[in-house]
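Dear colleague,

Please find below the structure that I am handing over to you. My findings follow it.

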Amino acid sequence: MARRSTLGWPRIIAMTIVALTATVAPLPGWLEILRPDFVALTVLWLCLMSPRLTGLFHAWGAGLALDAFRGVLFGQHALALVVIAYVASKLRLQIRAFPPLQQTAVVLALLWLNEFLLFWIDGVSGHPITDWRRWLAVPAGAACWPLISGFYARIAPRR
Amino acid sequence: MTNHEPDSRPLLLGGPALGLRLIVLVILSIGLMVADQRRHHLAMIRDWFSAAAYPFQWAVQAPLTAWDTARESLATRSRIDADNIRLASDNLVLRLKLMRFESLAQENQRLRAARESSARVVQRSLVAEIVRVDLDPFRQRVLVNKGSRDGVFRGQAVLDANGIFGQVTRVGPVSAEVILISDPEHAIPVQVNRTGGRTIALGTGRSGQLSLPYLPQNADVVAGDLLVSSGLGGVFPPGYPVGQVTTVERDPSQPLLTVTAEPLAGLDSDPEVLLVWFDNTVVEPESAPEPAASGAPAPADATGGD
């Protein structure tokens with residue numbers, strides 16, 4: 001599907017900021033719980049479709065910004081995002097060759113890994129959230145993947 | 001947009017470069033988390049980051065605020081008139097109450113001075129607006145638009161018109177994060193107003209519920225009891241309403257009661273809150289000078305409640 005494309009830093013930063021604001025934009029009740037982790041989806045998309053050696057640094061920076069936005073333990077999202085960005089970069093050639101449904105399944109697994117790392121860090125640092133509903137954002141995020149991936153592919157320049 | 005920047009994109013992404021980056025960044029993240037967990041080490045960087053994030057957080061809510069303003073300005077005249085009449089009558093009632101309050105406050109101060117106990121009443125307050133962003137759906141925290149520039153400090157009590165709202169957990173230059181009394185990590189020392197019995201009210205993670213898990217089976221508490229802050233711990237001023245007991249379950253096989261309460265402050269509906277300063281040192285009124293009243297010089301900046 002996606003041809004190899006390159007995004008310049010201005011666009012990457014703009015995408016990240018939009019994803020960050022979408023993460024804290026006020027939503028009513030249930031939608032708030034189902035809100036996908038837009039920053040993780042953006043990082044994954046960049047690692048898969050617009051790979052560059054600085055991808056991990058971008059993931060880390062976006063994670064720190066997300067920590068600051070949400071006021072949680074500093075470095076928490078950064079760590080989780082770096083790990084999933086690494087896996088995505090490593091397996092990117094296989095993942096990109098997958099049909100859309102299978103690709104969504106991989107994204108589901110990676111988002112789950114992201115959420116699991118956050119859950120684990122929450123627990124280790126003494127702020128556990130044991131509410132089962134926190135896991136609902138993972139399938140919701142995976143369900144958004146085809147949409148977000150399509151949208152980003154549209155704004156990315158083709159070569 | 002075309003960009004011809006020298007792209008470092010290699011054909012084969014991976015290998016040692018990627019792995020090394022992962023290791024370095026993971027170690028850095030862990031270092032940051034440890035430093036942040038032990039507080040204060042990262043205060044500067046954190047402040048800087050939260051200051052940078054604030055304009056965006058503010059921008060997120062701007063459309064909503066604009067919508068509210070637009071709706072307000074289109075409000076019908078009759079509704080504004082009705083509001084005006086209601087507010088005028090509210091004002092009258094409050095002024096009546098205030099007249100009595102002044103004399104009661106003085107009497108209270110005299111009596112407390114006579115007993116050499118401190119009268120911790122709110123001395124100064126600052127109205128802060130809640131920035132409408134969702135920080136985390138599972139934690140009860142909000143962002144307000146006042147920060148260290150306005151003198152806000154960590155551990156400061158936050159009230160609204162109906163009762164205690166929460167306390168400040170993090171302060172940026174122009175914004176602060178407030179943890180609500182209903183956050184699962186928050187605990188507030190309270191007193192049953194009817195009997196004076198003290199206990200602790202914990203947040204449950206739901207904005208309409210507090211739990212009081214430390215009351216023994218023989219505790220005198222019934223549904224409808226008013227809970228007020230006891231002032232122990234020094235974070236909250238004593239005597240301000242916190243919640244109302246909703247259910248009391250007595251299970252004889254358990255050592256403790258299962259009591260839930262409903263917070264009185266409008267935790268999820270308030271557009272504005274009050275940040276308060278109160279003095280928790282001994283009051284020495286002019287009428288009864290007590291030179292020996294240095295019994296309990298409680299530090300004014302005592303924070304606790306973590």
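Two strands are taken to pair if DSSP finds at least two bridges between them. Please note that the model is predicted.

By that criterion, strand β8 (residues 210-212) of chain B pairs with β11(B): three bridges join the two, and they run antiparallel. Within this pairing, B:Leu210 has B:Ala261 of β11(B) as its bridge partner. Strand β10 (residues 241-249) of chain B is also antiparallel to β11(B), and six bridges join them. Here B:Gln244 is matched with B:Glu262 of β11(B) as its bridge partner.

The side chains of β11(B) deserve a separate remark. In a regular strand, side chains alternate between the two faces of the sheet. Strand β11 (residues 258-263) of chain B shows such alternation: B:Val259, B:Ala261 and B:Pro263 are buried and point to one face, whereas B:Thr258, B:Thr260 and B:Glu262 point to the other and are not buried. Thus B:Ala261, the partner of B:Leu210, belongs to the buried set, while B:Glu262, the partner of B:Gln244, does not.

As for chain B as a whole, it contains three helices and twelve strands. Of its 306 residues, 29% are buried. Among its contacts with a separation of 6 or more, 60% are between residues 24 or more positions apart.

In chain A, helix α5 (residues 76-90) comprises 15 residues and reaches 22 Å from its first C-alpha to its last, close to the expected 21 Å. The helix α5(A) is largely enclosed by the rest of the structure, because 13 of its 15 residues are buried.

With kind regards

Methods:
Residues are numbered from 1 along each chain as its sequence is written. Chains are lettered from A and ligands numbered from 1 in the order in which they are written. This is a predicted model: local features need pLDDT of at least 70, side-chain atom pairs count only at pLDDT 80 or more; totals for chains, interfaces and linings use all residues. Helices (H or I, at least four residues) and strands (E, at least two) are DSSP runs, numbered from the N terminus. The expected span of a helix is 1.5 Å times one less than its number of residues. A residue is buried if 20 or more other C-beta atoms lie within 10 Å of its own, exposed if 12 or fewer, and partly exposed in between; C-beta atoms are placed from the backbone. Two residues are in contact if their C-beta atoms, placed from the backbone, lie within 7 Å.
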